[in-house]
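Work through these exercises with the sequence and the model open. Try each task before reading its solution.

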Amino acid sequence: GSFLLGKWLHIPLYAVSLHTSVVDVAIQDYVADVASELTYQNKSQISTEVLFVFPLSPHMAIYSFQARSEDANIQAMLRDEVQQLHEATGAWKNLEYLQDQSQYPGEVFACFLGTLSPGSEVVVTLRYVQELSREPDGAARFVLPPTLHPYTKRYGEAFDLPSAMFLLAAWNCLSSKLHYSLLLTASLQSPRGVANVQANFALTPLIYTAQDRSTAQVSLAGSPPSSHDLELLVYFGDPPAVSAVVEKGDPGAPPGSLFGDPMVLVTLAPSIPEAVPGQHQSGEFIFLLDTTFLEHAQVPPQSRDQDGDSLLFLLKSLPMGCYFNIYCYEETSVGIYPRSVEYTQDNLTEAMRRIPSTSSSLGDTSLLGTLRSVYNTPRPRGHTRQLFIFMAGLPPDKEAIAVEVCRHRNNHRCFSFCFSEDSAALAMALAKETGGEATFISSDNRMTVVVLKCLKRALKPAAEGVSLSWTLPRGLEVEVLGGTPQFIFQGQHSLLYVRIHGQAQDMMVAKGFMTLQYSLEGQDVTHIIEFPLCPKGDGRLAGHRLAARCLLKRLLPEAVSGSQDEPRQHAVEISLTSGIICPFTSYVGVRTSRRVTWYQRILALLPPRQSLIPCQVIELRGSHKVSSCYRMSIWVPPGWLTAVRASWLALRQLTHSIAALPQSGACSKACKPPPQSISSLEYVDPTEFVFCSSIFGQWCSEAIAECQELVALQNADGSWAISSQLASVLEVHEAEIKGKMPGDWSVIVLLQVMEPSIWATVLAVTWLHRHDKRYQDLCELLEAKAVTWLCSRAVPQLDKCLEAANTLLGSSVKPCLQAL
């Protein structure tokens, strides 16, 4: 389009650089509020057009942005998209071209700041809130975003949008040290007390600002490091299974409103021990397979030359004691079984028989219909539900799919696998909404390994039947925004936002009690915690803003469906009040000019002394470019092209307004714009997205071909039976397996009274251990199940059985099986 017209301008490297970064971080347990002021200078000899670009993580939300220069003040404001002419900012190619310039997909906040004259400065003020990750030892982990600390090494990477002020040029590995100053201060608060602070950079001594050590302060000491991110670990008092921090409401907000009520920040982090691989384990595993996966996962495998093994390895690796079901969702929305069944040999054999071997009969049944069938099926009591979803391409009803998963996000977890880039965003959204994982599979050769790694994560134990109950003074009640998750898996934690309604007689001395209950390995566990209802606070309302974000996510399914106007209106109200964007609001950059430059006069059609400028949250498509250390220039349109585009937009706005005059005030539901993409499809974290490489594809294919027939012969309980097929895989005669014994009489007696399946299982495990590293990723779960089965038989002198197996197979596997 018009973006490609005219002679492009080359912007020199380091045209605009960061001069000063002042960052104030307020951390309250596992929530952070960050206020930053960034000063940039144009060090070139020419005027430069600049963009501010800030990468967003899925646990982060911007609530304030402002930029000041000698020419103008620019402020990002949220507007209702129905009331605001969206194309005034949404059609700017200046922002759209960014979508293809990044190496990684992800979301960024971008604002066009206009022209910066030589030697001039622009000061950017940015505020955001963020949920912090919880380390295994209970520490809250805060990482300073690269925008606020652009160290030198990062610029050796390809153009991945690490810097805030777009120089519109990529950096190289030979760049010199960046010269800027960083002032970083962190205020820490927790009713459990601040115990310690650790960082990968120099810190000033920890200063306590309260006698009970509930508040403290720490700062950066000296210059910031130039070679790595800045990470801060904050340790509070003994990390319990449940904690509650009360944040007081905004005194200026109306009583009874979201910001006027107190908010309880609840952290659920039960201590869950690691599971022993191969043992009986609860859980419901449902596999949703589409055409592409069936084409590459024939069961049973048709030949050793095919990579038709992923589903075979996946099903064989499930633990005894769990439940499972399979849906071939492009054929029918009905599962292999009407509901999930117990994992037994008979059920496994029947399921493998029913799976279609080809996709020739597949119809038009959608993933959406299949998901609804799954959610309408009752879950086996005491078993956590986890879905493995395989997608070849992007389903046409992706919005409805995300909404459906969002409705049930507290009741299950999704592991999603996509085979095409167009379905990557949906795969990440489904995984993120439910606490699972998304994987992009670019090669069939590695699919089996990747799927099995996800299964290992899915097999982590969980606290089941999680519930919260409250005891509060008369006149108060609570509302858990977004609901309470039914499960919490080992290694994960859940951060809840609980709103307190009503008014107690004396809030200054009132206290509340919260009771957490769950089941762990069949045992009921209860935790009770007491918390004050009138806490101290810094007034920054980080918890309230994140609670608004949580509430917006809960409202999205009803608001996007369009069945009623009330959910949408409620979402818009919350968004505009909190400053947190939602699908029904958009950023509008409002510029109040101090001095009108030559190309800004064409915006006179807009309100006097004000103009709308490009300011958006943009989803970067990403491109799989290889990082390079060589210089790479990015070309941008010169100022006159910006002026032409601004004039065109202003004229279009004027003509659009004139055309709408006869219908003014007559807008009804019929003219309501179509619903925007829900945030679950946009707020994705590229760092949580796994890319499957084909570097080791040939090696993996050979390993799979060698052991898949042995895997196909394994029983559901982990054992093998003596058969001619097993002898063929082991490359020995069946008669040798049955009759060839070592000379030691005690071993002969042992094997004569032993079950034939025990001897066959020892042989199979020994054969797998001949190439331990080669098969480790493929057969780790299978082998663990086999060893568990052997140990359950209490086989005496198992080491001598292994010695006999080594003699028969010509191997030298060490007798370490009995330790398992």
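**Exercise 1. A salt bridge between two loops**

Is R192 buried, partly exposed or exposed? Then find the acid that R192 meets and place both residues in the chain.

Solution. Note that this is a predicted model.
- Step 1: R192 has 23% relative accessibility, so R192 counts as partly exposed.
- Step 2: The side chain of R192 meets that of D29 in a salt bridge, at 3.4 Å from N to O.
- Step 3: R192 sits in the loop between β12 (181-189) and β13 (194-199), and D29 in the loop between β2 (16-28) and β3 (31-42), so the pair ties together parts that are 163 residues apart in sequence.
- Step 4: D29 has a relative accessible area of 3%, which is under the 20% limit, so D29 is buried.

**Exercise 2. Two further salt bridges**

Which residue pairs with R141, and which with R372? Give the location and burial of each partner.

Solution.
- Step 1: R141 forms a salt bridge with E231; the closest N and O atoms are 3.0 Å apart.
- Step 2: R141 belongs to strand β10 (residues 140-143) and E231 to strand β16 (residues 231-236), so this pair ties together parts that are 90 residues apart in sequence.
- Step 3: R141 is partly exposed at 29%. E231 is partly exposed, at 29% relative accessibility.
- Step 4: R372 forms a salt bridge with E404, with 3.4 Å between the closest N and O atoms.
- Step 5: E404 lies in helix α7 (residues 398-407) and R372 in helix α6 (residues 367-375), 32 residues apart.
- Step 6: E404 is buried at 8%, whereas R372 is partly exposed at 39%.
- Step 7: Shared partners also join D24, D33 and R540 into one network of salt bridges. The count of salt bridges comes to 19.

**Exercise 3. Cysteines without a bond**

How many disulfides does the structure hold? Why does C615 have no bond to C111?

Solution.
- Step 1: The structure holds 0 disulfides.
- Step 2: The closest cysteine sulfur to that of C615 is in C111, 3.9 Å away, so the two are too far apart for a bond. The cut-off is 2.5 Å.
- Step 3: C615 is buried, at 0% relative accessibility. C322 is buried too, with a relative accessible area of 0%.

**Exercise 4. Strand pairing**

What is the strand order of the open sheet of 4 strands? Which strands pair with β25?

Solution.
- Step 1: The order is β17-β18-β28-β26, with antiparallel pairing.
- Step 2: β17 (242-247) and β26 (476-481) are the edge strands, each pairing on one side only.
- Step 3: On average, neighbouring strands of this sheet are turned by 25 degrees against each other, direction ignored.
- Step 4: Strand β18 (residues 263-268) joins strand β28 (residues 494-502) through 6 bridges. There, T267 stands opposite L495 in β28.
- Step 5: β25 (residues 462-471) runs antiparallel to β27 (residues 487-489), with 3 bridges. E464 has F487 in β27 as its bridge partner.
- Step 6: β25 is also joined to β29 (residues 511-520), antiparallel, by 6 bridges. S469 has T515 in β29 as its bridge partner.

**Exercise 5. Confidence**

Which elements have the lowest and the highest mean pLDDT?

Solution.
- Step 1: The chain has a mean pLDDT of 75, and 71% of its residues reach 70 or more.
- Step 2: Strand β34 (residues 635-636) has the lowest mean among the elements, 34, and strand β21 (residues 341-342) the highest, 96.
- Step 3: The pLDDT is below 50 over residues 301-308, a stretch with 18 contacts beyond near neighbours in sequence.

Terms used:
Residues are numbered from 1 along each chain as its sequence is written. This is a predicted model: local features need pLDDT of at least 70, side-chain atom pairs count only at pLDDT 80 or more; totals for chains, interfaces and linings use all residues. Side-chain values use heavy atoms; hydrogens and water are left out. Two strands pair if DSSP finds at least two bridges between them. Buried means under 20% relative accessible area, exposed over 50%, partly exposed in between (1.4 Å probe, protein chains only). Axes are lines fitted to C-alpha atoms, for helices over the stretch in contact, and angles run from 0 to 180 degrees between N-to-C directions. pLDDT is the predictor's confidence in each residue, from 0 to 100. Contact means heavy atoms within 4.5 Å. A salt bridge is a side-chain nitrogen of Lys or Arg within 4 Å of a carboxyl oxygen of Asp or Glu.
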